[in-house]
Amino acid sequence: MTVATRPLVLAALVLAPAGTAQTQVCGETNAGRIAIVLGGYAVTQATVIALRHDDWWTTPARSFHFANRASPSQGQDRLLHTAIGYHVSQLGALVWNWTCVSPTAAGWLGAALGIAVSLPKEIGDGLHENKGFSAPDMLFAAGGSVLPALHRAWAPSRALQVKLNYWPSAELRNRAGDFPQLENDYAGQRYYVVLVPGRLASGAGLWPDWLGIAVGHGVPRWISGPPVHDWYVTLDLDLQGLPIPAGWWRGVARVLDQIHFPAPGIRVREGEVVMGLF
């Protein structure tokens, strides 16, 4: 079980402000707004834990312990941690902008928020039988959280992005076995790391600015049968690279660029290579 967040809903709700936020006019750092941000985090975490406690922790409490448990879905749950950290970090940076810290500092504080969102759940796991605090889960969350901060601090890093797409799996639609909830419908989730050459310091040369290369991962199942790796290598549409001069387009493109839209590529499953739109 991972953080109870619905990936595409999170992307839409969390990143919508990124598309419309105006440049924050600031003077000195606003201590009152910082207190609001920290208080909002505490209240939100307490509310989520209260609502989901009985779903997350069904085994008896015990002393704090670590567990290097294997992924039940060939790594999909840990990639979900990465994606949640990546999206929350971006939202967090926008929120910290509002407190009037510097843009770079806002990026790193956003990264800290992305990590902090995963932390209470993992601590709770560490205090319950058959669970345990997972250092690998936290490392994946930290990796996703740090990347948006690097985007602010070092421009060439913007060539590297994390994207996802989702379509309800047969396991979810058919309520297979101990059927998944939306947030852990791993068979319906695909995660991609995308390189956009047009965002490199040297530019893309003859390569179109709006075209990237994506490497992705998914699983065809994880409840109805043993999970196997699906690896993808595809092209990727980078909407922010399209030559559209309208002022509103940049914000819209920034939101939509959190999603990998199906594009020509290949899928590799247990040595079998299939061409298609992935």
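**Exercise 1. Which residue in strand 6 is the bridge partner of Arg267?**

Before solving, note that this is a predicted model, in which local features need pLDDT of at least 70 and side-chain atom pairs count only at pLDDT 80 or more, while totals for chains, interfaces and linings use all residues. Residues are numbered from 1 along each chain as its sequence is written, and side-chain values use heavy atoms, with hydrogens and water left out.

*Solution.* Strands (E, at least two residues) and helices (H or I, at least four) are DSSP runs numbered from the N terminus, and two strands pair if DSSP finds at least two bridges between them. Strand 5 and strand 6 run antiparallel and are joined by six bridges. Within strand 6, Arg267 has Val274 as its bridge partner. The hairpin of these strands has two residues between them, and Glu270 takes a positive phi near 50° there.

**Exercise 2. Reconstruct the sheet, giving the order of its strands and its edges.**

*Solution.* Begin with strand 1 and strand 2 (residues 189–195), which run antiparallel and are joined by seven bridges; here Leu160 stands opposite Leu195 in strand 2. Further along, strand 3 (residues 211–218) pairs with strand 4 (residues 230–237) in the antiparallel sense over eight bridges, and Gly218 stands opposite Asp230 of strand 4. Strand 4 also pairs with strand 5 (residues 264–269), again in the antiparallel sense, over four bridges.

The result is an open sheet of six strands in the order 1-2-3-4-5-6, with antiparallel pairing. Strand 1 (160–166) and strand 6 (272–277) are the edges, each with a single partner strand, so one side of each is left without a neighbour in the sheet. From one strand to the next, the twist averages 25°, where angles run from 0 to 180 degrees between N-to-C directions and axes are lines fitted to C-alpha atoms, for helices over the stretch in contact.

As for cover, helix 3 lies across strand 1, strand 2 and strand 3, and runs at about 60° to strand 2. Strand 6, by comparison, is hardly covered, since the count of buried residues among its six residues is zero; buried means under 20% relative accessible area, exposed means over 50%, and partly exposed lies in between (1.4 Å probe, protein chains only).

**Exercise 3. Describe the surroundings of Trp231 in strand 4.**

*Solution.* Trp231 stands opposite Val268 in strand 5. Contact means heavy atoms within 4.5 Å, and, leaving aside neighbours within four places in sequence, Trp231 is in contact with Gly216, His217, Ile266, Arg267 and Val268. The relative accessibility of Trp231 is 43%, so this residue counts as partly exposed. Ile259, which is 28 residues from Trp231 in sequence, is 17 Å from it in space, C-alpha to C-alpha.

**Exercise 4. Locate the disulfide, and work out which parts of the chain it ties together.**

*Solution.* A disulfide is recognised here as a pair of cysteine sulfur atoms within 2.5 Å, and by this rule the count comes to one. The sulfur atoms of Cys26 and Cys100 are 2.1 Å apart, and these residues form the disulfide. Cys26 lies in the loop between helix 1 (7–20) and helix 2 (31–56), and Cys100 in the loop between helix 3 (76–98) and helix 4 (103–126), so the pair ties together parts that are 74 residues apart in sequence. The torsion about the S-S bond is about -75°, so the disulfide is left-handed. Cys26 counts as partly exposed at 34% relative accessibility, whereas Cys100, with a relative accessible area of 11%, is buried.

**Exercise 5. Characterise the packing of helix 2 against helix 3.**

*Solution.* The axes of helix 2 and helix 3 are 9 Å apart, and the helices pack at an angle of about 150°. That makes helix 2 roughly antiparallel to helix 3, on a scale where angles under 35 degrees count as roughly parallel, over 145 as roughly antiparallel, 65 to 115 as roughly perpendicular and the rest as oblique. Arg33, Ile34, Ile36, Val37 and Leu38 of helix 2 meet Val95, Trp96 and Trp98 of helix 3. Sorted by class, this contact has seven nonpolar, no polar and one charged residues, where Ala, Val, Leu, Ile, Met, Phe, Trp, Tyr, Cys and Pro count as nonpolar, Asp, Glu, Lys and Arg as charged, and the others, Gly among them, as polar.
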